[in-house]
Amino acid sequence: MARELRIGIIGVGQIGKSHLKKWQDVPGVKVVAAVDIDEAELKRVAGEYAIEKTYFDFRDMLAREDVEAVDVCLHNNLHAPVSMAVMDSGRHVYCEKPLAGSYIDALAMVEKARQTGQMLQMQLASLYSTETKAARRLIDEGYLGQPYYAKSSSYRRRGRPFVDGYGTDNFVKKEIAAGGALFDMGVYHISQILYLLSNPDVLTISGSTHQQIDMYPDRRASSGYSVEELGIALVRLAGGATFFIEEAWAVNLGGTDGSKIAGSKGGLTLSPFAYHATVGDMEMDGTFNLKAADYRWGQCSKGYRAYESSQHHWAAALRGEVELLPTARIGLNTMLISEGVYLSQRLGREVTPADVKEHSVSTAIDVAAQIEAARAGRASLA
């Protein structure tokens with residue numbers, strides 16, 4: 001049987017609950033400690049998931065010797081300070097996407113992982129889909145030839161957090177979330193394409209962002225909505241590939257044609273999954289039985305189940321069964337592109353990675369101050 005992994009989780013809100021549910025499906029993983037400043041909800045969730053110990057301050061959990069790794073499920077601007085503190089304590093980190101709230105903070109996280117020797121994994125469910133696995137096989141086996149154009153595209157007609165009726169206003173405040181559609185959903189689609197292209201260096205970014213769609217007046221007033229609902233970019237990548245991005249929480253269009261990769265010999269549409277090529281001087285659009293293929297690979301390919309999900313993969317990597325996918329570096333490149341879009345919009349011109357590095361500033365929240373403020377609030381209510 002696989003060695004049991006004893007992990008802690010920081011944050012039991014919407015994302016934390018999602019992670020806890022998924023950890024139940026990963027054999028040999030036991031969540032033994034949880035942290036949150038909402039003590040009532042923390043107690044309720046701990047009871048539901050049979051978590052042994054709970055903490056108000058995550059630093060108290062890190063004093064335990066039996067917690068091997070930590071799942072960080074906080075808002076974007078808290079990822080970097082908490083994750084780096086966890087790595088400094090000698091623990092590996094599994095962090096909710098995006099990697100951080102700014103490029104400079106994400107870079108600091110990647111550097112901290114290198115300095116401490118701890119494994120840093122970013123939650124990227126899109127990398128473990130059957131479509132992504134199939135695309136990776138076709139690319140690796142040469143069916144696309146040389147990829148030279150990619151498109152990452154996803155629309156919601158009306159899907160802005162809080163103002164359209166789901167989630168909290170923390171998702172739409174720049175001081176907490178740092179970004180909108182690009183950081184929330186775009187990270188999945190951008191990272192998926194970067195992974196399939198083997199995470200090439202970014203050369204230039206030209207982008208724009210928009211917030212144009214009407215909101216309920218009361219929701220607009222109470223939300224403090226300060227992030228984009230639509231992000232668009234044209235990115236030039238090392239090796240000659242061009243990458244077009246469009247990500248929308250809300251847009252007045254009928255739908256997207258999905259993410260795609262085109263190569264010199266063939267092309268892919270990721271959803272619904274299809275292969276496009278010219279065979280016998282005839283244009284061909286091919287479909288696949290991915291369900292049957294996924295079953296066969298799972299039965300016949302050693303280690304395949306280590307890629308069943310992001311959480312399965314992290315657990316397998318912690319046990320030394322597989323090499324960790326470079327999700328942190330893919331996440332860093334995704335952050336470079338996303339922040340490059342914001343900078344391009346602000347400066348009104350195409351930008352380079354050097355421009356992003358020059359202008360990027362930390363958006364990390366002072367965690368100690370936030371904990372003390374919450375503690376004072378608790379005391380004043382007692």
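A pocket here is an open set of grid points, where a 1.4 Å probe fits, with protein on both sides within 12 Å along at least five of seven lines, and its lining residues have an atom within 4 Å of a point. With that in hand, welcome to this predicted model. The largest pocket is lined by 49 residues, and an open sheet of six strands gives us a second place to look.

**The largest pocket**
- Its volume is about 1,000 Å³.
- Gly-13, Gln-14, Cys-73, Leu-74 and His-75 are the lining residues nearest the centre of the largest pocket.
- Helices H1 (14-23), H4, H7 (174-177), H8 (181-196) and H14 (367-381) each give two or more residues to this lining, and H1 gives the most, with seven.
- By class, the lining holds 23 nonpolar, 17 polar and nine charged residues.

**The second largest pocket**
- This pocket has a volume of about 330 Å³.
- Among its 16 lining residues, Lys-174, Ala-178, Glu-339, Tyr-342 and Arg-346 are the closest to the centre.
- Helices H12 (327-347) and H13 (353-359) each supply at least two lining residues, with H12 giving the most, at five.

**The sheet**
- The six strands run in the order S3-S2-S1-S4-S5-S6, with parallel pairing.
- S3 (53-55) and S6 (120-122) are the edge strands, each pairing on one side only.
- From one strand to the next, the twist averages 25°.
- S1 (residues 5-10) and S2 (residues 29-35) pair over six bridges, and Arg-6 stands opposite Lys-30 in S2.
- Helix H4 (residues 76-88) lies across S1, S4 (69-72), S5 (92-95) and S6, at about 155° to S5.

Note on methods
Residues are numbered from 1 along each chain as its sequence is written. This is a predicted model: local features need pLDDT of at least 70, side-chain atom pairs count only at pLDDT 80 or more; totals for chains, interfaces and linings use all residues. Side-chain values use heavy atoms; hydrogens and water are left out. Two strands pair if DSSP finds at least two bridges between them. Helices (H or I, at least four residues) and strands (E, at least two) are DSSP runs, numbered from the N terminus. Axes are lines fitted to C-alpha atoms, for helices over the stretch in contact, and angles run from 0 to 180 degrees between N-to-C directions. Contact means heavy atoms within 4.5 Å. On a 1 Å grid over the protein atoms alone, a cavity is a set of points where a 1.4 Å probe fits but cannot get out, and a pocket is an open set with protein on both sides within 12 Å along at least five of seven lines; lining residues have an atom within 4 Å of a point. Grid points are joined across faces, edges and corners, and a volume is the space filled by probe spheres set on the points. Ala, Val, Leu, Ile, Met, Phe, Trp, Tyr, Cys and Pro count as nonpolar, Asp, Glu, Lys and Arg as charged, and the others, Gly among them, as polar.
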